[in-house]
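This report describes the architecture of one protein chain and then examines selected residues in turn. The reader is invited to keep the sequence and the structure at hand.

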Amino acid sequence: MSAATASTGAPRLGRGALAAVVAKRMFGTWYDAAISIACLAILALLVPRLARWALIDAVWFAPNAAACGHDAGACWAVITARWRLIIFGLYPFEEHWRSGLACIAIVVVVVLSCVPWFWRPVRLSVLWVAGFLTFYLLMRGGIFGLALVGTERWGGLALTMFTFAAVAILGMPMAIALALMRQSDLPAFRWIAGLLIDTIRSLPLLAILFTAAVILPFAIPGWLTGDKLYRVIWAFALFFACSQAEVIRGGLQSVTAEQKDAGKALGLGYWLRTWFIVLPQAFRNTLPATINQFVITFKETSIIIVIGFFEVLASGNAAYGTGDWTMAYVEVYTFIALVYFTFVFSLSRYGAYLEKRMRVGHD
């Protein structure tokens, strides 16, 4: 076996062989060839026009929207002129450095999560909790001489990242607990977990968030209501937990009885078997579905715009909806789409990296 084959588990294709495979797939039959030719023709027609609009004729800097002109390409000047509003939203202008530093802290946590040394439950939990607390303290302030900024003034990309991180940190432990309860030998635990999961999953996320934001304060004592953002995050985390619990439950069922019996033979109790044997295998088996759940959750953070939060999509609406930039809405939405694509693509690549690393020794 060659070194290339041994290292990857499959032979690598040379350029000629790769070209032959591509040609066979694209032009193997007459209808494959027809579809391929049609797609290539459409690309040949659209790509030059798109490149001309987005790059060649684009206006990158302009004092106002009128300077972009109606016959020019993309007016990216709206981004250079309004990027602070898109990224930071309603956050106080003089404190934007705090919001930016908080976002960097979360990005650093995500990057460090890719380092294998952190791939231990305790280390990874400490990393994410420490990063989230750093983010929260920078955004809220009130200590170390930082001015207090209420959550009603949070916005932009920072609010989107805060919502996603909080939902992930709160929702994952709840998901594990619900999955274990539904697999429990105690009928009461199974019934409670099943009822909660099936009820929450049958409701639209928007309805749950709207209930937490608007209706819940009328149903509970005032001292329990708390901040509107926190209520929404807890409701969002519960929705995430109920969906992720079913994913984890599938992973728990994939662990064979022999693995559990081996833990019993070693004298391990239920919790030690679950922590060291069952859950690691369950997460490895459900990694693609778990990463997909995180991707969906990140995109669904945009829903909070409906209940009055100024997240990155609302900031984008304000960026072109005020002043004289109303004609540049396509550019603003394109920029926001690139922001979402960057985060979602990074999550998916991280998931693929984890799958590759975790397959070692199990193929």
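Which side chain of opposite charge is nearest to the buried Glu 331, and how many Å away is it? The model is a predicted one, and in it the nearest such side chain is that of Arg 82, at 12 Å. Glu 331 is buried and has no salt bridge.

**Surroundings of Glu 331**

Glu 331 belongs to helix α16, which covers residues 329-359. A polar atom of the Glu 331 side chain lies 2.8 Å from the backbone nitrogen of Cys 75. Cys 75 also appears among the residues that Glu 331 touches beyond four places in sequence; the full set is Trp 53, Ala 74, Cys 75, Trp 76, Val 78 and Ile 79. The buried carboxylate residue therefore has no salt bridge, since a salt bridge requires a side-chain nitrogen of Lys or Arg within 4 Å of a carboxyl oxygen, and Arg 82 is 12 Å away.

**Overall architecture**

The protein chain contains 16 helices and zero strands. Its C-alpha trace spans about 75 × 70 × 40 Å along the principal axes. Of the 363 residues in the protein chain, 38% are buried. Among contacts with a separation of 6 or more, 67% join residues that are 24 or more positions apart.

**Nonpolar core and aromatic residues**

The largest nonpolar core comprises 86 residues, and the members that touch the most others are Trp 154, Leu 209 and Leu 252. Helix α7 (residues 156-182) supplies the largest share of this core, 15 residues.

Trp 154 also takes part in an aromatic cluster together with Phe 132, Phe 135, Tyr 136, Phe 162 and Tyr 230. Setting aside neighbours within four places in sequence, the contacts of Trp 154 include Tyr 136 and Phe 162, as well as Tyr 91, Met 139, Arg 140, Val 149 and Leu 159. Leu 229 and Phe 310 are in contact with Trp 154 too.

The count of aromatic pairs comes to 19. One of them joins Tyr 320 and Tyr 333, whose ring centres are 5.5 Å apart; the planes stand at 70°, so the pair is edge-to-face. Tyr 320 is in helix α15 (residues 312-321) and Tyr 333 in helix α16, so this pair ties together parts that are 13 residues apart in sequence.

**Two loop residues**

Phe 144 sits in the loop between α6 (121-140) and α7. Although Phe 144 is not a glycine, its phi is positive, at about 55°.

Thr 286 occupies the loop between α13 (270-285) and α14 (287-300). Beyond four places in sequence, Thr 286 is in contact with Val 247, Gly 250 and Gly 251. The C-alpha atom of Thr 286 is separated by 40 Å from that of Trp 223, and the two residues are 63 residues apart along the chain.

**Accessibility of selected residues**

The table lists the relative accessibility of residues discussed above.

| Residue | Relative accessibility | Class |
|---|---|---|
| Thr 286 | 8% | buried |
| Tyr 320 | 18% | buried |
| Tyr 333 | 33% | partly exposed |
| Phe 144 | 75% | exposed |

The cut-offs explain these classes: buried means under 20% and exposed over 50%. Tyr 320, at 18%, therefore counts as buried, whereas Tyr 333, at 33%, counts as partly exposed.

Methods: Residues numbered from 1 in each chain as written. Predicted model: local features only at pLDDT ≥ 70, side-chain atom pairs only at ≥ 80, totals over all residues. Heavy atoms only, no water. Core = buried A, V, L, I, M, F, W, Y, C linked by side-chain atoms within 4.5 Å. Buried < 20%, exposed > 50% of the residue type's maximum accessible area, 1.4 Å probe, protein only. Helix = DSSP H or I, 4+ residues; strand = E, 2+ residues; numbered from the N terminus. Contact = heavy atoms within 4.5 Å. Lys, Arg positive; Asp, Glu negative; His and termini not counted. Polar contact = N/O pair within 3.5 Å; in protein donor to acceptor, adjacent residues only side chain to side chain. Phe/Tyr/Trp six-rings, centres within 6.5 Å; stacked < 30°, edge-to-face > 60°.
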